[in-house]
Amino acid sequence: MTVAARTVPDRTASRPAVGRRDERALVRAAQQGDAAAFEALFRAHWPTAYRAAWMIVRDRQLAEDIAQEAFVAAAGALDRFDRRRPFAPWLRTIVARRAIDAARTLTVRREVGEDALAGLGTTDGAPELSDPRLLDALAALPLEQRAVIVLRHLLGMRTGEIAKALGLPRGTVNSRLRRGLDALRPVLEDERR
C-alpha cells in the first residue's frame, strides 16, 4: 500500500478561516463563556491540533483523544490566557506536551505496529511526506528527536517556541533537532535525487 493511500483523515473541510483580529474576538467571547466562540476556535484549530498529536504518537484514535483533551484543557485554562498573544502556539504547546506524555506511556506499554504509519497528508501548508522510507526513518527516531522535528519542520514552530512548549533549554532543542536530522540525512538525500 502506498503512503498516499494510507493518509491521515483530512479534517480541514469544516475549517473556517480565522484572522488574527477575529481570533482575538473569539477568545474574548470564549473567556466570557460564549460556547459558540469556543466552538469556532475548535473548528479553526482542530486540524493542526490533531495532526500535531498524530505526528508524535502515530495512532489515529490516540491522536484524536489527545487533541480533544488539549481543547478541554485549553477551555479550562482560558481565563488565564493572555488575549494579546496568538491562540495557536498556546494550543500547540498543550497538544505537544500531552502527545509526548502519551507517546512515553505508549513506549512503556507496547511498540506501535507498522500500520500506525498510516501516512501524512498535507494540512496547514505542512509538507507531504511521500517516501515510505522517510516515514519509517522518522518513526524510528527516539521520541525526543521525533517530537522536535515534527514541531519544527512539519508544524513550523520556531526553536524558542519549542523550547518553551516542552520546558527545555533552547540548546537541548537544537541538539535534538541536529541529531534527528543527522539520522534522517541519508533518506532525505535519497529523496532529493
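Start by selecting helix α2 (residues 35–57) together with helix α3 in this predicted model, and turn the view until both axes can be followed, since the two helices are oblique to each other. They pack at an angle of about 135°, and their axes are 8 Å apart. An angle over 145 degrees would have counted as roughly antiparallel, so the value of about 135° leaves this pair in the oblique class. While the two helices are on screen, note also the handedness, for α2 passes α3 in a right-handed crossing.

Next, show the side chains where these helices meet. On the α2 side the contact residues include F38, L41, F42, H45, W46 and A49, and further along Y50, A53, W54 and V57. They meet residues of α3, among them R60, L62, A63, E64 and I66, with A67, Q68, F71 and A75 also taking part.

Keep the aromatic residues of this contact in view and hide the others. Which residues do ring pairs link into a cluster? Selecting F38, F42, W46, Y50 and F71 shows the cluster, and each of these five names also appears among the residues through which α2 and α3 meet.

The structure as a whole holds eight aromatic pairs. One of them is formed by F81 and F87, an edge-to-face pair with 5.8 Å from centre to centre and 80° between the planes. Are these two rings buried or exposed? F81 is buried, with a relative accessible area of 8%, and F87 is buried as well, with a relative accessible area of 0%.

From here, go back to α3 and select E69, then add R98. The two residues form a salt bridge in which the closest N and O atoms are 3.8 Å apart. E69 lies in helix α3 (residues 60–77) and R98 in helix α4 (residues 87–109), so this pair ties together parts of the chain that are 29 residues apart in sequence. Both partners are partly exposed, E69 having a relative accessible area of 43% and R98 a relative accessibility of 33%.

A search of the whole structure finds six salt bridges, and the next stop shows how some of them join up. Select R178, D182 and R185, which are linked in a network of salt bridges. D182 reaches R178 with the closest N and O atoms 3.3 Å apart, and it reaches R185 with the closest N and O atoms 3.0 Å apart.

To see how these residues are placed, colour helix α8 (residues 170–192), where D182 and R178 lie four residues apart, about one turn of the helix. D182 and R185 are three residues apart in α8, so they too are separated by about one helical turn. With the surface switched on, D182 counts as partly exposed at a relative accessible area of 34%, while R178 is partly exposed at 42% and R185 is partly exposed at 39%.

For the last stop, select helix α7 (residues 159–166) and leave the rest of the structure visible around it. Six of the eight residues of α7 are buried, so this helix is largely enclosed by the rest of the structure. The buried residues are T159, E161, I162, A163, A165 and L166. Finally, step just past the end of α7 to G167, where the backbone takes a positive phi of about 65°.

Technical notes: Residues are numbered from 1 along each chain as its sequence is written. This is a predicted model: local features need pLDDT of at least 70, side-chain atom pairs count only at pLDDT 80 or more; totals for chains, interfaces and linings use all residues. Side-chain values use heavy atoms; hydrogens and water are left out. A salt bridge is a side-chain nitrogen of Lys or Arg within 4 Å of a carboxyl oxygen of Asp or Glu. Buried means under 20% relative accessible area, exposed over 50%, partly exposed in between (1.4 Å probe, protein chains only). Rings of Phe, Tyr and Trp (its six-membered ring) pair if their centres lie within 6.5 Å; planes under 30 degrees apart count as stacked, over 60 as edge-to-face and the rest as tilted. Axes are lines fitted to C-alpha atoms, for helices over the stretch in contact, and angles run from 0 to 180 degrees between N-to-C directions. Angles under 35 degrees count as roughly parallel, over 145 as roughly antiparallel, 65 to 115 as roughly perpendicular and the rest as oblique. A crossing is left-handed if the near helix is turned anticlockwise from the far one by less than a right angle, and right-handed if clockwise. Contact means heavy atoms within 4.5 Å.
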